[in-house]
Amino acid sequence: MNRKQLVNEIFSKKSFLCVGLDTDLKKIPEFLLNEEDPIFAFNKAIIDATAPYCVAYKPNLAFYECFGLKGMAAFERTIKYLKKFYPTHFIVADAKRGDIGNTSSMYARTFFEEYDVDSLTVAPYMGEDSVKPFLEYDGKWVIVLALTSNKGSHDFQLTEDKECERLFEKVLRKSQEWGTDENMMYVVGATQGEMFKDIRKVAPNHFLLVPGVGAQGGSLQEVCKYGITKDCGLLVNSSRGIIYASKGEDFAEAAAQKAKELQEQMAEELTKLA
């Protein structure tokens with residue numbers, strides 16, 4: 001999916017919601033555990049219920065890899081289901097891969113050829129040759145970790161060099177030598193608040209994947225106040241706040257309601273761009 005297609009989807013659906021498929025067998029409704037593939041059964045129900053209100057889905061690979069072959073089979077079934085029945089939804093493989101040369105090339109082949117997802121999260125710590133192999137695929141996106149929501153983000157990402165440039169700013173500036181706003185996005189945590197202003201000074205046009213709204217306490221309105229652009233420029237992710245809205249048999253309906261509530265807030269923010 002190219003940038004124009006993504007922007008069109010956002011404005012036609014009046015949503016920039018990304019639903020995180022962080023599927024934990026300890027948290028899904030117990031009755032689903034009787035299914036042959038409970039992870040996929042849960043994902044399918046969540047997707048069918050929330051698809052009208054979102055433009056993207058983000059399965060986090062950790063929640064699938066931990067179950068070995070069965071987990072990866074559920075991941076693959078989920079991707080195939082999305083591509084068959086919801087082909088206009090943007091798919092983010094949240095794998096946070098990052099290695100050099102041949103290894104990155106193999107990771108890129110895995111996700112962009114074998115699974116054929118639209119995008120992949122990538123850790124840039126090892127530099128240019130850990131990111132560029134992912135940028136060799138037309139129509140695919142690399143989503144570079146820039147400024148995250150977790151407490152430990154302050155350990156490295158906010159450290160300054162002698163010119164007072166913070167590490168996340170260096171990542172933003174340097175990585176734009178490798179890719180463009182047509183094939184590269186950045187992860188910026190919703191809990192960073194006014195820091196979005198600083199992000200936009202360095203990366204004014206790039207899309208930002210924004211986790212942390214909902215269960216993690218990030219404010220959609222604050223993210224939009226400092227981070228939205230004329231093309232929207234945001235994919236705001238909510239995982240737990242949507243998919244675990246209920247542990248009962250109404251779990252899919254409850255997820256749909258939470259997604260709808262966020263979509264309505266997003267529609268209001270998009271009207272301000274007119």
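Is Tyr 125 buried or exposed? In this predicted model, Tyr 125 is exposed, its relative accessible area being 75%.

**View 1. Surface patch around Tyr 125.** Tyr 125 occupies the loop that connects strand E4 (119-122) with helix H6 (128-131). Together with Ile 100 and Met 126, Tyr 125 makes up a nonpolar surface patch whose combined accessible area is about 370 Å².

**View 2. The closed barrel and helix H2.** Eight strands, in the order E1-E2-E3-E4-E5-E6-E7-E8, close into a barrel with parallel pairing. From one strand to the next, the twist averages 30°. Helix H2 (residues 38-50) packs on the sheet and touches strands E1 (17-21) and E2, with its direction at about 170° to that of E1. Strand E2 (residues 56-59) is joined by two bridges to the parallel strand E3 (residues 90-97); Ala 56 has Phe 90 as its bridge partner in E3.

**View 3. Helix H10 on strands E7 and E8.** Helix H10 (residues 220-227) lies across E7 (208-210) and E8 (234-238), and runs at about 165° to E8.

**View 4. Salt bridge between Asp 116 and Lys 140.** The closest N and O atoms of this pair are 2.6 Å apart. The two residues are 24 residues apart and link distant parts of the chain: Asp 116 is in the loop between helix H5 (101-114) and E4, and Lys 140 in the loop between H6 and strand E5 (141-147). Asp 116 is partly exposed at 29% relative accessibility, whereas Lys 140 is buried at 12%.

**View 5. Salt bridge between Glu 177 and Lys 174.** Their closest N and O atoms lie 3.0 Å apart. Glu 177 is exposed, at 53% relative accessible area, while Lys 174 is partly exposed, at 38%.

Key. Residues numbered from 1 in each chain as written. Predicted model: local features only at pLDDT ≥ 70, side-chain atom pairs only at ≥ 80, totals over all residues. Heavy atoms only, no water. Pairing = 2+ DSSP bridges. Helix = DSSP H or I, 4+ residues; strand = E, 2+ residues; numbered from the N terminus. Axes fitted to C-alpha atoms, helices over the stretch in contact; angles between N-to-C directions. Contact = heavy atoms within 4.5 Å. Patch = residues over 30% accessible without salt bridge, like charges linked within 9 Å, V, L, I, M, F, W, Y side chains within 5 Å. Areas by Shrake-Rupley, 256 points an atom, 1.4 Å probe, with all protein chains shown as cover. Salt bridge = Lys/Arg side-chain N within 4 Å of Asp/Glu carboxyl O. Buried < 20%, exposed > 50% of the residue type's maximum accessible area, 1.4 Å probe, protein only.
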